[in-house]
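Me: Got a minute to walk through this one with me? I'll throw quick questions at you.
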Amino acid sequence: MTEGYFYTILALLGFSALGVFHKLADTLKCRPAPVNALLYGWSLVFVMLTLYFKADTWSAPGIVPGLAIPFGISASIAILAFQAGIRHGDIATSWLAINLSSGIPTIASILVYHEPVGMKRAIALCLIPISMALLWKDKRDAEARRA
Amino acid sequence: MRRHGVLEARTDRNTAVWMRLMLVAFVANGVGPFGLKVLTMQGLGAYQSQYLMYWYLGGLIFALAALRLNKTGVNGREILLGAAMGGCSLAGQSFTAMALAKGLPGHIAFPLTTGGSLFLVALAGIALFKERIGPFGLCGVILGVASLVMLSIS
C-alpha cells in the first residue's frame, strides 16, 4: 500500500508538471500547433518504447485502433485549443476548466451504458457548470479591471 | 503598475476567445477518454497499452495536419518542451496505473492525483507566474476541485 502512495505522488507530480509546462510553453512563446504535434509525437515514441521493453505485442484486434484513433484525434483537438487558449488566460483557472471535462465521460457512461447516477455524482455534475460560470465571471471581471 | 512574474506573463488576453477555446478543450478532452470505457465494455481491457499507442497515433495524425495547415516548422525549444510534456503525460498515467496495481484503491488514487494536481498547478500559477485569482475565480476553483474529487469517489 505504501508503494501505492509513492506511485500516486509521482503521478501527481507528473500531471502537475504537465500543467506548468503548458504555461511555460506559452510564456516562452512556443506556438500551439508545434507544441501539440511534439507532445503527441514524443508520447507515441515513449509508449512504443514501453511496449517494446515490456515485450508486449503491438498487434490488437481491428476494433482497438478503430476506437483509439478517433478518440485520440478528439484529445488532440483539446490540447491544441487548450494551448491556444492559455494565451488569453491564467493556468490556474484554465487547468481547472480542462480537468472539469471528467464530467463528460461520466455523463456519456450514464447515457450510453445506463450507469446509475447516485447523489454524489449528481451533485458533482451540477457543480461543473457552476464552477465554469464562476471562472468565466472572474475572467470577465479581470478584463474589465484591465480596460 | 502590473507586477511581473518570475516568468513574465503575456498581456494579449481576450476573455471571449479564452472561453470559446476552453469550451472546445472541455468537450474534446472529455470525449477523448471515453474510448477506454467503450474498450473495456467490449471486453478488450487487456489491450489498454495498444489502445494508448493508437490513441497517441490518432492525436499525432491530427496534430501533424494542423501543423501543415499552419505552415510552421518546429524549433528546439518546442522539441524540448514537447518531450517534457509527453514524458509527464505518460508518467502521470503510468504511475497512476502502477499505484492501482499495488492495491491502492481508486477512491484514494484518483482524488489525490486530480485534486492534488489542480492545487499544485494553481499554486504554481500564483507563485511562479504571478497570476491573480479573484473571489469568483477562487470559488470556482474550490467548487471545481470539490466536483472532481466527488466524481473520483462516486
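Reply: Sure, here are some short answers on the fold, the interface and one residue; keep in mind that this is a predicted model.

Me: How many helices and strands does chain A have?
Reply: Chain A has 6 helices and 0 strands. Going along the sequence, that reads α-α-α-α-α-α.

Me: And what are the dimensions of the chain A trace along its principal axes?
Reply: The C-alpha trace of chain A spans about 55 × 45 × 40 Å. Its radius of gyration is 19 Å, while a compact globule of 147 residues would come in near 15 Å.

Me: What percentage of chain A counts as buried?
Reply: For chain A that's 57% of the 147 residues. As for contacts between residues at least 6 apart in sequence, 72% of those in chain A join residues at least 24 apart.

Me: Switching to the interface. How many residues does each chain put into the contact?
Reply: Chain A gives 107 residues and chain B gives 106. On the chain A side, α1(A) has the largest share, with 21 residues.

Me: What's the split by class on that side of chain A?
Reply: The side of chain A touching chain B has 67 nonpolar, 25 polar and 15 charged residues.

Me: Now Val17(B). Which helix is it in?
Reply: Val17(B) sits in helix α1 of chain B, residues 15-31.

Me: Why does Val17(B) count as partly exposed?
Reply: Because Val17(B) has 15 C-beta neighbours inside 10 Å, and partly exposed lies between the cut-offs of 12 or fewer for exposed and 20 or more for buried.

Me: Where's Met98(B) relative to Val17(B)?
Reply: Met98(B) and Val17(B) are 81 residues apart along the chain, and their C-alpha atoms are separated by 38 Å.

Note on methods: Residues numbered from 1 in each chain as written. Chains lettered and ligands numbered in written order. Predicted model: local features only at pLDDT ≥ 70, side-chain atom pairs only at ≥ 80, totals over all residues. Helix = DSSP H or I, 4+ residues; strand = E, 2+ residues; numbered from the N terminus. Rg over C-alpha atoms; globule rule 2.2 N^0.38 Å. Contact = placed C-beta atoms within 7 Å. Nonpolar A, V, L, I, M, F, W, Y, C, P; charged D, E, K, R; others polar.
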